[in-house]
Amino acid sequence: MTIYDHVLTEGGFVDQNDLRYPFEERGLQFGDGIYEVIRVYNGTSYLIQEHVERLYRSAAAVKINVPFSKEDMYHKMEELLHKNGIDGDAKIYLQITRGSAPRDHVFPLNTNANLYAYVKDLPRPEAFLREGVSAVTQEDVRWDWCYIKSLNLLPNVLAKQAAKEQNCYEAILHKQGEVTECSSSNIYLVKDGSVYTHPAKKNILHGCVRMRVEAFCSEEGVSFIEQAFQVEDIWNADEVFLSSSTSEVMPVIQVDGKQVGNGVPGTVTRTLQKKYEEDAKLSADASLFSSEVAAE
Ligand SMILES: Cc1ncc(COP(=O)(O)O)c(C=O)c1O
């Protein structure tokens, strides 16, 4: 999958081959940094405002100075897409670390943050969106401040790997049975027409798509209940789905080898998937669901 040449850094745009960091770099050595993944459809970013707001929240929480103003950041993201001539489906990966400095746990003084943002092609996961995916449950062993989109992803990486090794798409994380989120997405359960998900507290990432899912539910008259559920509630759920910038609104049809609901994507999930497509301004031609919904 192509990574496009023009990369934004704290000092301006550079060619990806010219990007060099010393090995005493705090992102590399401590995971001392934050990041965002921003979805791009037809060359246009989706939920850019939400992502930039969250980036600044994460930065403030870990005392990293973002090298650009918020306003500048929007323009730079637009410029990044424009310079690379992006007109298809892609993602922007943006990370900011505390900077380069001799290794020391104590924050270095007078060190500028390192920033890079690049664009990579990313097609929609069409077959999964249509047919649904399977997941495994895993103990959530992360720290308490998961609302910060930190580069420290080792527990997430291990959980996703465990899912992959069982031929599954995602790992559903739980703390002593209480479901928090997934390794790289938020998770929801549908019961009697209502959507349940973990409250947006500090121990989960407040997903940008999650915010939209809440709005979609309100527009459709579906109750969106921020109440944590247990792993065993999954076995009595009508539907389960997850959400993220790369997975969109994704039906989960099997968990730990057991069927969820009827074992096919449910009607609430389908409605939210269609709302997502409309919100992201995906044309009717690009819709994976319009004919299906029209036929209902
Ligand atoms: C742990 C975690 N939760 C939730 C999400 C979903 O966030 P968003 O909807 O902003 O992509 C992500 C996205 O990467 C994530 O890593």
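What follows is a conversation between a visitor and a guide about this predicted model.

Visitor: How do you know which residue a number refers to, and which parts of the predicted model are used?

Guide: Residues are numbered from 1 along each chain as its sequence is written. Because the model is predicted, local features need pLDDT of at least 70 and side-chain atom pairs count only at pLDDT 80 or more, while totals for chains, interfaces and linings use all residues.

Visitor: How do you know where the domains of the protein begin and end?

Guide: The bounds come from an automatic or database domain assignment, and the protein is divided into domain 1 (6–121) and domain 2 (126–295). The contact between them takes 20 residues from domain 1 and 13 residues from domain 2, where two residues are in contact if their C-beta atoms, placed from the backbone, lie within 7 Å. On the side of domain 1 that touches domain 2, the elements giving two or more residues are β3, α2 and β5 (90–97), and β3 gives the most, with eight residues.

Visitor: What makes an element such as α2 a helix, and how do you know that its length fits?

Guide: Helices (H or I, at least four residues) and strands (E, at least two) are DSSP runs, numbered from the N terminus. Helix α2 (residues 48–61) has 14 residues, and from its first C-alpha to its last it reaches 20 Å, close to the 20 Å expected at 1.5 Å a residue. The expected span is 1.5 Å times one less than the number of residues.

Visitor: Why is K63, just after α2, called exposed?

Guide: A residue is buried if 20 or more other C-beta atoms, placed from the backbone, lie within 10 Å of its own, exposed if 12 or fewer, and partly exposed in between. K63 has 8 other C-beta atoms within 10 Å, so K63 is exposed. K63 lies in the loop between α2 and α3, and K63 has a positive phi of about 60° although it is not a glycine.

Visitor: Why is P108 called partly exposed?

Guide: With 15 C-beta neighbours inside 10 Å, P108 falls between the two cut-offs and therefore counts as partly exposed. P108 is in the loop between β5 and β6 (114–121), and, not counting residues up to four places away in sequence, P108 touches G99 and A101.

Visitor: Which class does Q176 fall into, buried or exposed?

Guide: Q176 has 8 C-beta neighbours inside 10 Å, so Q176 counts as exposed. Its place is in the loop between β8 and β9 (178–182), and its phi is near 45°, a positive value in a residue other than glycine.

Visitor: How do you know that the buried residues of α2 line one face of the helix?

Guide: The buried residues of α2 are H51, V52, R54, L55 and S58. Seen down the axis of α2, these residues fall within an arc of 160°, so they line one face; the arc is that of the directions from the helix axis to the C-beta atoms. The face turned away from this buried side carries the exposed residues Q49 and A60, and what covers the buried residues includes β3 (33–41), α3 (70–83) and α6 (208–220).

Visitor: What makes the span of α5 agree with that of a helix, and where do its buried residues lie?

Guide: The 12 residues of helix α5 (residues 154–165) should span 16 Å at 1.5 Å a residue, and its end C-alpha atoms are 16 Å apart, which agrees. In α5, N156, A159, K160 and A163 are buried. Seen down the axis of α5, they fall within an arc of 95°, so they line one face of the helix. These buried residues pack against β7 (133–139) and β8 (170–175), while L154, V157, Q161 and E165 are exposed on the other side.

Visitor: What makes a set of residues a nonpolar core, and why does the largest one lie between the domains?

Guide: A nonpolar core is a set of buried Ala, Val, Leu, Ile, Met, Phe, Trp, Tyr and Cys residues joined through C-beta atoms within 7 Å. The largest has 63 residues, of which A135 and V252 touch the most other members. Domain 1 and domain 2 both give residues to this core, so it lies between them. Leaving aside neighbours within four places in sequence, A135 is in contact with several residues, including A163, I172 and V252.
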